[in-house]
Amino acid sequence: MIQHNKISDSELRNKIKNAEICFGGNKKLKIYGTLKCSSGKRMKRENRVFFLSGNEAKENGFRPCGHCMKTDYQNWKMDLFNPQTDENTNLLPKDGTVNYYGKLFSRSESDFYRDTFLNSIEWKNDEAIIFGKLIFTKRKVAWYGDQQFEYTYSNTTKKALPWTAELLELKKIIEEKTGETFNSCLLNLYHSGEEGMAWHSDAEKDLKKNGAIGSVSFGAERKFAFKHKETKETVSLILEHGSVLVMKDETQTHWLHRLPPTKTTSKPRVNLTFRTILG
Ligand SMILES: O=C(O)CCC(=O)C(=O)O
Ligand SMILES: [Fe+2]
């Protein structure tokens, strides 16, 4: 890393000519970019630094500029949200366990499941009774299980449908991969980024206490967030097309989760949460 105020203008020209300097950065903001970047030209000389390579900038703790290095910047942002696709890492700092397995299915398998579920699931607008009034959500839901379990949430009771072939196949794959077992699945269909799910925890009395919930996502990538009920600290990640996330142990007791609405996609997303219902 070379400080701009430690070299003369002619030295700088030479180093650029000899490709010893290829990137510039802002020492205060810890952002690096191309030498042509207009944001880079505006800063004070004493804040400007130079690098031979993007790697050298990264090693010094600089992140790519969002204007002149869009792709690198997007990748950096993704890594920030998805610091770990190692399934053994607990994403929560305390009071529960969340493991992200990343994409378990190829692009074509994921497309197949997304389209199959979009077309063959008996989707219904979700019902909730709020302040004594029955309301319907834009988001659609469906519930499948081993038996005709009854499951109550948002003050309404739903009855499970029998598994479809694809759901049963998927359940087996997720059980094998996670080492957990499930007897039911709640599916959510978000038609576009405008639809989401508000802060909640899945700790209804019909669910096995501290049981694992296996969440599988197909379709639009969406941000998913956790918030600790007391400390309010948050953790978030991106749920990718064909990915699996497991929430277990005391997660539902101490953490809320949500799927925030977003303007960044108009594509649908299908989410399946495999659960254990007490029959
Ligand atoms: O869509 C998601 O990723 C989460 C859905 C969810 O939290 C739920 O069904 O309880
Ligand atoms: Fe949930």
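Two residues count as touching here if their C-beta atoms, placed from the backbone, lie within 7 Å. Keep that in mind for Leu245, which touches Val98, Tyr100, Ser215 and Leu239 once residues up to four places away in sequence are left out. One caution before going on: this is a predicted model.

**Two domains**

The chain splits into domain 1, residues 2–75, and domain 2, residues 97–275. Their C-alpha centres sit 44 Å apart. UniProt, in an unreviewed entry, lists residues 181–278 under "domain: Fe2OG dioxygenase". That 181–278 span is 50% strand and 4% helix, and its end C-alpha atoms lie 13 Å apart.

**The cores**

Leu245 turns up again in the largest nonpolar core, which has 36 residues. Along with Cys185, Leu187 and Leu272, Leu245 is among the residues with the most contacts inside that core. Which strand gives the most to this core? That would be strand E12, residues 184–190, with five residues. There is also a second, separate core of 11 residues, and Ile21, Phe23, Tyr32 and Phe50 are included in it.

**The five-stranded sheet**

Five strands make an open sheet, running in the order E1-E4-E2-E3-E5 with mixed pairing. At the edges are strand E1 (2–3) and strand E5 (63–64), each of which pairs on one side only. Further in, E2 and strand E4 (residues 48–51) run antiparallel to each other over four bridges. If you want a spot to look at in that pair, Asn26 stands opposite Arg48 in E4.

**A hairpin**

Strand E9 (residues 150–153) and strand E10 (residues 156–159) also pair in the antiparallel sense, over four bridges. Two facing pairs are handy for finding your way along the hairpin: Glu150 stands opposite Lys159 in E10, and Thr152 stands opposite Thr157 in E10. As background, side chains in a regular strand alternate between the two faces of the sheet. How many residues lie between the strands of the E9 and E10 hairpin? There are two, and Ser154 in this hairpin takes a positive phi near 50 degrees.

**Positive phi in loops**

Ala19 and Lys232 are worth a look for their backbone angles. Ala19 has a phi near 60 degrees, a positive value in a residue other than glycine. The phi of Lys232 is near 65 degrees, and Lys232 is likewise a residue other than glycine. Here is where they sit:

| Residue | Phi | Loop between |
|---|---|---|
| Ala19 | near 60 degrees | helix H1 (9–17) and strand E2 (23–26) |
| Lys232 | near 65 degrees | strand E15 (222–228) and strand E16 (234–239) |

Are these two loop residues buried or exposed? A residue is called exposed if 12 or fewer other C-beta atoms lie within 10 Å of its own. Ala19 has 9 such neighbours within 10 Å, so Ala19 is exposed. Lys232 has 8 other C-beta atoms within 10 Å, so Lys232 is exposed too.

Technical notes
Residues numbered from 1 in each chain as written. Chains lettered and ligands numbered in written order. Predicted model: local features only at pLDDT ≥ 70, side-chain atom pairs only at ≥ 80, totals over all residues. Domains from an automatic or database assignment. UniProt positions renumbered as here; feature names shortened; annotations may be inferred. Core = buried A, V, L, I, M, F, W, Y, C linked by C-beta atoms within 7 Å. Buried ≥ 20, exposed ≤ 12 C-beta atoms within 10 Å, placed from the backbone. Pairing = 2+ DSSP bridges.
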